[in-house]
Amino acid sequence: MSNSQQNNLPKNKGVSVVSEEVCQQVMGRENAFSAVENVFSAMAKNTAYNFPVIREAIGHEDALYGFKSGFDRDGMVLGLKSGGYWPGNMAKGLTNHQSTVILFDPDTGKLKSLVGGNYLTAVRTAASSAVSIAYLARKDSKVLGMIGAGHQSSFQLRAAVEQRDFEKVVCWNFHPEQIPNLAAVAEELGLPFESVTREELCAQADVIITITSAFEALIDKNWIKPGTHIACMGTDTKGKQEVDAKLLAVASVFTDELAQSITIGEAQHAIAQKLIQQSDIVPIGEVINGTKPGRTSDEQITLFDGTGVGLQDLAVASVAAELAEEKGLATYFQL
């Protein structure tokens, strides 16, 4: 948004509120991709940084609750995402992930916006893997493999197919009854879809997205063929794991944020087993900025450890708030 546009926004209406419904109206995949790409770039330049993450099991409803926060000096975005994971919510007609983004004015510290975070979390997570595909997957990638068919998988699929000319989608999920939901999305996108074993998926796929809540390796190192790009998007907590730790030792590993990658991301296991060192992992912002190479050969296995950082949430929420205010779709209150 230009400065002149920003100057035309309401100054005295108070705190803006952007509902889940409005977020879905104004925030598309292209906007989310640009927001996430920009914030990864800023992180690599050290002009944006995430504050330490707080994430706790609250001892009620098996819920995990936490805060992700940070400041992006390039985008002038300050705030936090508050929320977590309630595994029993599906039975109540709610999504298991629940979150709200709170934005503050970096010039004054005043509360600026309250933005629904559920849809945006799914969109920014999908944008993150899409950025990794755009920068790391082989240009001639034809088969997309999906490990996971839960709520976020459809967002992942829609974002991924915009990055390469995929001709087929193959899928495996721990709960097979969820697979038809993802098959319907593939059909809508005009892509053939097949439910397969994990080993067969790895044999076919040029790009693999893992989007599960697994605590054990679902993919064996020996199943992965040369030239594959893997986006590991589900591991965001200590103990979680989606792929064989030995895979990271033979792959070129990239991530959204190093600190999270080695502690709560997919790389935590390879680091703990001393299979790789922190210096082996490249922030994807370095590739975006051209300061580090991405894929250097068609035989190379690339792996993106998408841990999910607060700055991603703040970036997409800030864009959503600006678009909602611009279009007259935000509501306001005085605090």
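Two residues count as being in contact here when they have heavy atoms within 4.5 Å. The structure looked at with that yardstick is a predicted model.

A handy place to start is Ile224, which sits in the loop between strand S12 (215-219) and strand S13 (229-232). Despite its loop address, Ile224 is buried, with a relative accessible area of 9%. Once neighbours within four places in sequence are set aside, its contacts turn out to be Cys202, Ile208, Ile219, Ile230, Leu247 and Ile301. For one of these, Ile208, the separation along the chain is 16 residues, and the C-alpha atoms of Ile224 and Ile208 are 9.6 Å apart.

Cys202, another of those contacts, is buried as well, with a relative accessible area of 0%. The closest cysteine sulfur to that of Cys202 belongs to Cys232, and the gap is 11 Å, too far for a bond. A disulfide is a covalent bond between the sulfur atoms of two cysteines. With a cut-off of 2.5 Å between the sulfur atoms, the model comes out with zero disulfides. Elsewhere in the chain, Cys23 also counts as buried, at 0% relative accessibility.

Next comes strand S8, residues 143-147. Five of its five residues are buried, so the strand is largely enclosed by the rest of the structure. Val143, Gly145 and Ile147 point one way from S8, while Leu144 and Met146 point the other way, and buried residues are found in both sets. S8 pairs with two strands, as described here in turn. With strand S9 (residues 168-172), the pairing is parallel and runs over five bridges; Val143 has Lys168 as its bridge partner in S9. To get from S8 to S9, the chain passes through helix H5 (residues 153-160), and this β-α-β crossover is right-handed. With strand S11 (residues 207-210), S8 again pairs in the parallel sense, over four bridges. There, Leu144 is matched with Val207 as its bridge partner.

An antiparallel pairing shows up between strand S3 (residues 54-57) and strand S4 (residues 64-72), with four bridges. Ala57 finds its bridge partner in S4 at Leu64. The hairpin these strands form has six residues between the strands, and in it Gly59 takes a positive phi near 75 degrees.

Thr255 belongs to strand S15 (residues 252-255). This threonine is buried, with a relative accessible area of 0%. Its side chain makes a polar contact with the side chain of Asp256, at 3.3 Å. Leaving out neighbours within four places in sequence, Thr255 touches quite a list of residues: Ser261, Ile281, Val282, Pro283, Ile284, Phe304, Asp305 and Thr307.

Finally, there is helix H12, made up of 17 residues (residues 310-326). At 1.5 Å a residue, H12 should span 24 Å, and its end C-alpha atoms are indeed 24 Å apart, so expectation and model agree. H12 is mostly covered, as 14 of its 17 residues are buried. Just after H12 comes another glycine with a positive phi: Gly328, at about 75 degrees.

Technical notes:
Residues are numbered from 1 along each chain as its sequence is written. This is a predicted model: local features need pLDDT of at least 70, side-chain atom pairs count only at pLDDT 80 or more; totals for chains, interfaces and linings use all residues. Side-chain values use heavy atoms; hydrogens and water are left out. Buried means under 20% relative accessible area, exposed over 50%, partly exposed in between (1.4 Å probe, protein chains only). Two strands pair if DSSP finds at least two bridges between them. A crossover is right-handed if, with the strands pointing away from the viewer, the path from the first strand over the helix to the second runs clockwise. The expected span of a helix is 1.5 Å times one less than its number of residues. A polar contact is a pair of N or O atoms within 3.5 Å; within protein, one must be able to donate a hydrogen and the other to accept it, and residues adjacent in sequence count only if both atoms are side-chain atoms.
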